[in-house]
Amino acid sequence: MRLRGLVRKEFLQIVRDPSSIAIAFILPVALLLLFGYGLSLDTDHVPVAVVVERPSADTADFVASLAGSRYFAPVTLRGMPAAERALLEGRVDAIVRLRADFAARERRPAGAAVQLIVNGIDANTARLVEGYMDGVTSAWLARRAAESGQQLQAPVEVEPRVWFNSAVRSRNFLVPGLVVVIMTLIGALLTAMVMAREWERGTMEALIVTPVAVGEILLGKLIPYFVLGIGGMLLSVAMSRWLFAVPLVGSFWLLFLTSSVFLLVALGMGLLISSVARVQFIAGQVALITTFLPAFLLSGFIFEIGNMPTVVQAITRLFAARYFVAIVTTLFLAGDIWSVIVPNTLVLVLMAAVFLGLTRFKTRKRLE
């Protein structure tokens, strides 16, 4: 009866607090729309300047092949000075130069050279442009050889096949990873801020002096925000599936179960932070540094953990978001891969037990 009263009181407080509703439901929608539509790691229709020093049928054929690729948006310019100026001003990301002797050298055994100048400020885009140009050139050579009845001599032929994300859309990876960030915000940041606010206003002290047990107080705080976090998760998954068309290959109920475990970890961290830092500003800053930023930067959500320095890779093992990102992306794109899901879930269970245990130990029925 007392626990039910505490839960009801907490739900009423959430309903009367617009910021809690905003963080739980409006912020996830805003983040999903922003990342789903505004952020893409795919590189399509890259603007490139094309300089043809002596036009011919061969150069026209090559430029047409370049324009037919979805990866490039060629802009023909009259000379290298204009192309270099466009590159400096950021209007194009690369320059493709066909020299005056391109047509003549193409028919010689040594072949003709296609000069590619790439803007290397964004190293990732520069590498992608190089790879795309190699692919366009190889396709053009193969087509030219087939038209002339010859066979293109290549010692090795690559037959690529993409597993788990055959469309090679970065959205299919980013949107599920964003579910982790959203649940971290709801579980840790919201809980830490709200609990700290109660300490500031004195309502927590009033609750402590009642006959209610410490465990009941913590459960009364835990249950409403758990329901709020699950609601945010379900909203995020629904938007992922039906708005952004991200496939969910694995079991929804397994996703629900592992999300519940991760949410307990986030709630435990939020409660622990609020029990140590009883000021909203401090609690918010600590929650941002210890939960939100690691979920963004050190979880594999955007940056590949394997590409990080060894020391940083070891540090990422301290954050729960790393394990949940591995679970979510596997369930969405690969399926129920138990060798990935089980070990990561067990780590989350251990973390939940540690954080909730520390919170119970730290929360005492006395005024300090």
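Q: At what angle do helix H7 and helix H13 pack, and how far apart are their axes?
A: This is a predicted model, and in it H7 (residues 171-201) and H13 (residues 320-334) pack at about 140°, with their axes 9 Å apart.

Q: Why are H7 and H13 called oblique to each other?
A: Set the angle of about 140° against the cut-offs: over 145 counts as roughly antiparallel, and 65 to 115 as roughly perpendicular. The angle fits neither range, so the pair is oblique. As for handedness, H7 passes H13 in a right-handed crossing.

Q: Which residues meet where H7 touches H13?
A: From H7 you get Asn172, Phe173, Pro176, Val180 and Met183. On the H13 side they meet Ala321, Phe324, Val325, Val328, Thr329, Phe332 and Leu333. Sorted by type, the contact has ten nonpolar residues, two polar and no charged.

Q: What makes S2 and S4 the edges of the open sheet?
A: The four strands run in the order S2-S1-S3-S4, with mixed pairing. Strand S2 (72-77) and strand S4 (114-118) each have a single partner strand, so one side of each has no neighbour in the sheet. On average, neighbouring strands are turned by 25° against each other, direction ignored.

Q: How do you know that S1 and S2 pair?
A: Pairing takes at least two bridges, and six join S1 (residues 46-52) to S2, so they pair, running parallel. One of the bridge partners in S2 is Thr76, matched with Val50.

Q: Which helix packs on this sheet, and which strands does it touch?
A: That's helix H4 (residues 80-88), touching S1, S2, S3 (94-98) and S4. The direction of H4 makes about 165° with that of S3.

How values were computed:
Residues numbered from 1 in each chain as written. Predicted model: local features only at pLDDT ≥ 70, side-chain atom pairs only at ≥ 80, totals over all residues. Heavy atoms only, no water. Axes fitted to C-alpha atoms, helices over the stretch in contact; angles between N-to-C directions. Helix = DSSP H or I, 4+ residues; strand = E, 2+ residues; numbered from the N terminus. Parallel < 35°, antiparallel > 145°, perpendicular 65-115°, else oblique. Left-handed = near helix turned anticlockwise from the far one by under 90°. Contact = heavy atoms within 4.5 Å. Nonpolar A, V, L, I, M, F, W, Y, C, P; charged D, E, K, R; others polar.
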